[in-house]
Amino acid sequence: MHLDVPDADTMTALGERLAAVLRAGDLVLLGGDLGAGKTTLAQGVGAGLGVRGPVTSPTFVIARVHPSLVDGPPLVHVDAYRLGGWDELEDIDLEATLDEAVTLVEWGEGVAEGLAGDRLEIHIDRSHAADEGEVRHVRVTAVGDRWDEQELTVAVAA
């Protein structure tokens, strides 16, 4: 599924809509260049899940847990940018919370796929076309049996 997202507010809204289909045990991997909008999408997911915030980039702490304020799953927000690979990711012990939380890993492509067979992979690219301004191109890929394509399409493309 491919979407064009014109601005930060729309990226946040996309995250909120995505949160409507997320549940405890879900893994979301976010990829894209610096400044593509990964943290903005994560903020929308946090808002949609009703977690304690603010949801900010966990670059220097590697991982943050945002408890739910509405009796839903917590959000475990990870930034794998500074990690050297699977061994360092495993040291964080995300497996301990994976079943009870929504786990969102920025810079997770090529690093965190081994955490779960079922996952969403979201890649965000900045537009390089002069006439598109701040448009981001978002590609959402559902991996595994967990995801109902129809439900995901309705939530994300709404």
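Which residues does Ile-122 touch, not counting residues up to four places away in sequence? Select Ile-122 in this predicted model and display its surroundings. Its contacts are Leu-18, Val-28, Leu-29, Leu-30, Gly-31, Leu-41, Glu-109, Val-138, Arg-139 and Val-140.

**The cores**

Widen the selection to the largest nonpolar core, a set of 29 residues. Ile-122 is among those with the most contacts inside this core, together with Leu-18 and Val-138. Two or more residues each come from strand S1 (2-5), H1, S2, H2, S5, S6, strand S7 (136-143) and helix H5 (149-157). A second core, separate from this one, has 15 residues. To find the second core, select Leu-27, Leu-98, Ala-101 and Val-111, which are included in it.

**Helix H2**

Next, select residues 38-49, which form helix H2. The helix has 12 residues, and the distance from its first C-alpha to its last is 16 Å, close to the 16 Å expected at 1.5 Å a residue. Colour the buried positions of H2: Lys-38, Thr-39, Leu-41, Ala-42, Gly-44, Val-45, Gly-46 and Leu-49. The buried residues of this helix pack against helix H1 (8-19), strand S2 (27-32), S4, strand S5 (102-106) and strand S6 (119-126). Step past the end of H2 to Gly-50, where phi is positive, near 70 degrees.

**Asp-79**

Move to strand S4, residues 75-79, and pick Asp-79. Asp-79 counts as buried because its relative accessibility is 2%, under the 20% cut-off. Show the side chain of Ser-57 as well: a polar contact of 3.4 Å joins it to the side chain of Asp-79.

**The salt bridges**

How many salt bridges are there? The count is three.

Start with Arg-146 and Asp-26, whose closest N and O atoms are 2.8 Å apart in a salt bridge. Arg-146 is in the loop between S7 and H5 and Asp-26 in the loop between H1 and S2, so this pair ties together parts 120 residues apart in sequence. Arg-146 is buried at 13% relative accessibility, and Asp-26 is buried at 4%.

Then select Glu-121 and Arg-119, a salt bridge with its closest N and O atoms 2.7 Å apart. Here Glu-121 is partly exposed, at 22% relative accessibility, whereas Arg-119 is buried, at 12%.

Finish at Glu-134 and Arg-136, where the side chains meet in a salt bridge of 3.2 Å, N to O. Is Glu-134 buried or exposed? Glu-134 counts as exposed because its relative accessibility is 53%, over the 50% cut-off. Its partner Arg-136 is buried, with a relative accessible area of 12%.

Methods: Residues are numbered from 1 along each chain as its sequence is written. This is a predicted model: local features need pLDDT of at least 70, side-chain atom pairs count only at pLDDT 80 or more; totals for chains, interfaces and linings use all residues. Side-chain values use heavy atoms; hydrogens and water are left out. Helices (H or I, at least four residues) and strands (E, at least two) are DSSP runs, numbered from the N terminus. Buried means under 20% relative accessible area, exposed over 50%, partly exposed in between (1.4 Å probe, protein chains only). A polar contact is a pair of N or O atoms within 3.5 Å; within protein, one must be able to donate a hydrogen and the other to accept it, and residues adjacent in sequence count only if both atoms are side-chain atoms. The expected span of a helix is 1.5 Å times one less than its number of residues. Contact means heavy atoms within 4.5 Å. A nonpolar core is a set of buried Ala, Val, Leu, Ile, Met, Phe, Trp, Tyr and Cys residues joined through side-chain atoms within 4.5 Å. A salt bridge is a side-chain nitrogen of Lys or Arg within 4 Å of a carboxyl oxygen of Asp or Glu.
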